[in-house]
Amino acid sequence: MEKTQKTAEINGIIDGQRISTRQLLQELYKKLDEGYTKFEINACGQHDIGGPLWDKTGKTLKFKVTNPGQRLGSMGMAGTQIVVEGSAPADVGWLNSGAEIILRGDGGDTTAHCAATGKIYVGGRVGTRSGALMKYDPRFPAPEFWVLENTGSFSFEFMGGGIGVVCGYGCEDTDSVLGYRSCVGMVGGTLYIRGNVKELSNEVYLMELDDGDRDFLLRGLPVFLEKIEKPELINVLSNMSQWKKIVAKTYQERAVKKVPMAIKEFRLDKWVEGGIFGDVLQDDFEVVDFVSIGDYRLKFPVWKNALYSAPCEYNCPIGIPTQKRIFLLRQGKDEEALRLILEYSPFPASVCGQVCPNLCLDECNRRYLDIPVKIDGLGLLSQGIKVKPPEVRLNEKIAVIGSGVAGLSAAWQLRKHGYGVDVLEKDSVFGGKLMQVIPEERLERKVMEAELRRIIDIGVNVKTDMTVDRELFRELKAEYDAIIIATGAHNPVVIPFEGHERLVKGLDFLKDINKGEKPRIGEKVVVIGAGNAAMDVVIGAYGLGAKEVTAIDIQRPAAFDKEIKHVENLGARILWPCFTEKITEKGVHLKDGRVIEADTVIISVGDRPDLSFLEKEYLDEKGMFRTNEYRQSEIDPKVFAPGDVNKQGLFTHAIADGRRAALNIHRMLTARPLDDFAKAPMIPRDRVKNEFYLQVNANKVDAMATEEEVGRCMSCGYCRDCEYCKEICPEQAIARIQKPDGGFEYVSEPDKCIGCGICAGVCPCGIWFMEDNLVKYLEE
């Protein structure tokens, strides 16, 4: 745009009157919204100019400022350049967050105070406490603070990181180019100085330069002098023999102090013999400090990794621990990460990657920062993983009736344990509704076929065209050590409206399409039902040439939002509440008198299981399979019934059911009690610290490869091994222990820990817990 090439001029005095800071900044924001990226600001003491601003398109914002007030460039962002032709008052670059700030004059007190990244160049001197509390976050470039002349007193106090350069130009006769009492409390960073220093803190070292220091200065000085428009000084300042550096002493070096007489020694040698209560109390002379360690702490920290489920893991019906997968990717263990999901599901690409509504994303803590992690993409990455048949061969055999996702999930788990597994499928193809019902535009057939092939490759034996009746079921019970009934729900529900014989059953309709057939339909189609299956019917109808498709329901549509949006984009209407009275050649007659014209009416309001091959004692009064909480038959412990045959739900519910049934069969056959495999509770949101992570533009996230999500995952409840706790502990009480199996843990040493709780406060993943130390209150 032509407008973005122009410079927006903003004046601090209008019609002879000084405007307020708020008015000036509002004008600046307005120009920024209009697309300007260059600004010339003729201020009159207005403050906070050039603060936390950025351009929507990522272009650099450039400010040329005269006569600014305090806090110029405060919290300035990366992609911001501020140039002041002259001096500026206090707080220039306060909390600088990436801006480049150039003063071609002096800076006031607390210049570069709390700077975290970015660069500040000053062509004169700066006032008291400048450079104080500078810090360094290793995720960003270290802040740099260059001063041509000298600083005021108390400069660089409590400096925690970054680089300061004080050139001392024209200050050769000054007692101290850093003023007095500089570097007090300095614990990190590097300070380069040229000239005399006096009253330097005893917590730092004044040292000679090494080759790396000289290289840094010789590369940085020309850039600095060019910025402040004084390149002619390079020869004067390039004499490295005139330079020194200041670095902080280590914690151990600062801790070396003269040890005073112990209180116990004083009491024994100097005080009343036995103490003033010696006649009634045997004193052990132990003294508890104001800051206690060991048993005298009120609380102590405990590292409890994976105590909670991450929101994605908790909301996934299968319980797939995505945070662990991403942790492995972060460590570079790609194969192990992509293989981990196969411990939970044989369908990572088909179900997790394509047809699943991804309940895991609904509570992803990343959504409070930008958008959820792309977990579906992780599933697709696992589609090519090969799995070898198990080396263990157990004697027991298990029969699985039905080859839908519940049955194949169970077969997969049992075969991996080493059992012989036979799957009996009534149809000529196996794969259940995934193969028979889901439209190809929602599920790529080559992906599904690859995952079915992987199940066959580990040794699962699938027998198609096998109809199980009561006689065959009795034979299976006699031949196999356990049986899984996973026949799903394949009997469509038909409501007996008047004219119901005109209805096309939605399940049969979808099966015909997936077999390659083309059922005849009219141009106007009405679908009774508005669940996810009904949305697949709508898609199928449009694929066969329907011009107008309407889905109706008696209640709010049960389909997921993305499925509804999909069919609406195709042109479908969804109407509710609609109560059907009858079906005629005209279409669907509603009880409120309306008629929805239709050439074809398809019903898709649910399906029921066919359990006609079972004796009545297996069923309840409604004809449903009777099971306990383990999906185990109430009358026959060797029979299990996971998935839709027991309770209808998502594919992921069926996969989870099949997995749990398989694991419980393994427990049963190894004489162990059955398990409900309850998940750990979901980690409370306030235990995960958003402050650790950078917000990312949603459009950039969409363009990112799935593998790059390793940086965005917040690793809720699962230690990301960042060592923040170890580095931040003021007593250096936390140690990282590497285990022989490649794992690790963090421990707090009680003889050092003072129970301050900082480790728990900074832990981004919510791993550290502060527990009450009750030992001191126990009576012996």
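Where is the place of P577? I will start there, since P577 lies in the loop between β23 (573–575) and β24, and the peptide bond that joins W576 to P577 is cis, with omega at about -10°. Before I go on, what you have in front of you is a predicted model, in which local features need pLDDT of at least 70 and side-chain atom pairs count only at pLDDT 80 or more, while totals for chains, interfaces and linings use all residues. Residues are numbered from 1 along each chain as its sequence is written, and side-chain values use heavy atoms, with hydrogens and water left out. When I say helix or strand, I mean DSSP runs, H or I of at least four residues for helices and E of at least two for strands, numbered from the N terminus.

Let me continue along the chain from that loop. Strand β24 (residues 580–584) pairs with strand β25 (residues 587–590) in the antiparallel sense over four bridges, where pairing requires that DSSP finds at least two bridges between two strands. T580 stands opposite L590 in β25, and the hairpin that joins β24 to β25 passes through two residues. From β25, three bridges lead on to strand β26 (residues 595–597), again in an antiparallel arrangement, and here G587 stands opposite E597. The hairpin of β25 and β26 has four residues between the strands, and within that hairpin G593 takes a positive phi near 100°.

Now to the parallel sheet. As general background, strands of a sheet pair through backbone hydrogen bonds, either parallel or antiparallel. In this model, five strands form an open sheet in the order β17-β16-β15-β18-β29, with parallel pairing. Because β17 (461–463) and β29 (639–640) stand at the edges, each with a single partner strand, one side of each is left without a neighbour in the sheet. Strand β16 (residues 420–424) is joined to β17 by three bridges, with V423 having V462 as its bridge partner in β17. Towards β15, β16 is joined by five bridges, also parallel, and there I401 has L424 in β16 as its partner. Strand β16 is mostly covered, with four of its five residues buried, buried meaning under 20% relative accessible area, exposed over 50% and partly exposed in between, with a 1.4 Å probe and protein chains only.

Helix α11 (residues 405–416) packs on this sheet, touching β15 (397–401), β16 and β18 (482–485), and its direction makes about 165° with that of β16. The axes of α11 and helix α18 (residues 651–669) come within 7 Å and cross at roughly 35°, where axes are lines fitted to C-alpha atoms, for helices over the stretch in contact, and angles run from 0 to 180 degrees between N-to-C directions. Which residues meet in α11 and α18? On the α11 side they are V405, A406, S409, A410, Q413 and L414, and on the α18 side F651, A654, I655, G658, R659, A662 and I665, contact being heavy atoms within 4.5 Å. By class, that contact has nine nonpolar, three polar and one charged residues, counting Ala, Val, Leu, Ile, Met, Phe, Trp, Tyr, Cys and Pro as nonpolar, Asp, Glu, Lys and Arg as charged, and the others, Gly among them, as polar.

A second helix pair is α9 (residues 348–355) with α13 (residues 445–457), which pack at an angle of about 145° with their axes 8 Å apart. Here P348, A349, S350 and Q354 of α9 meet V447, M448, E451 and R454 of α13, a set that divides into four nonpolar, two polar and two charged.

On to the cysteines, for anyone thinking about disulfides. A search of the whole structure finds zero of them, a disulfide being a pair of cysteine sulfur atoms within 2.5 Å. The sulfur of C364 has its closest cysteine sulfur in C716, at 6.7 Å, which is too far for a bond, and for C716 the closest is in C713, at 6.5 Å, again too far. C364 is buried, with a relative accessible area of 10%, and C716 is buried as well, at 8%.

Finally, two backbone details. A112, which is not a glycine, has a positive phi of about 65°; A112 sits in the loop between β7 (97–103) and β8 (117–122) and is buried, with a relative accessible area of 0%. E723 also has a positive phi, near 65°, in the loop between α19 (698–703) and α20 (724–728), but E723 is partly exposed, at 26%.
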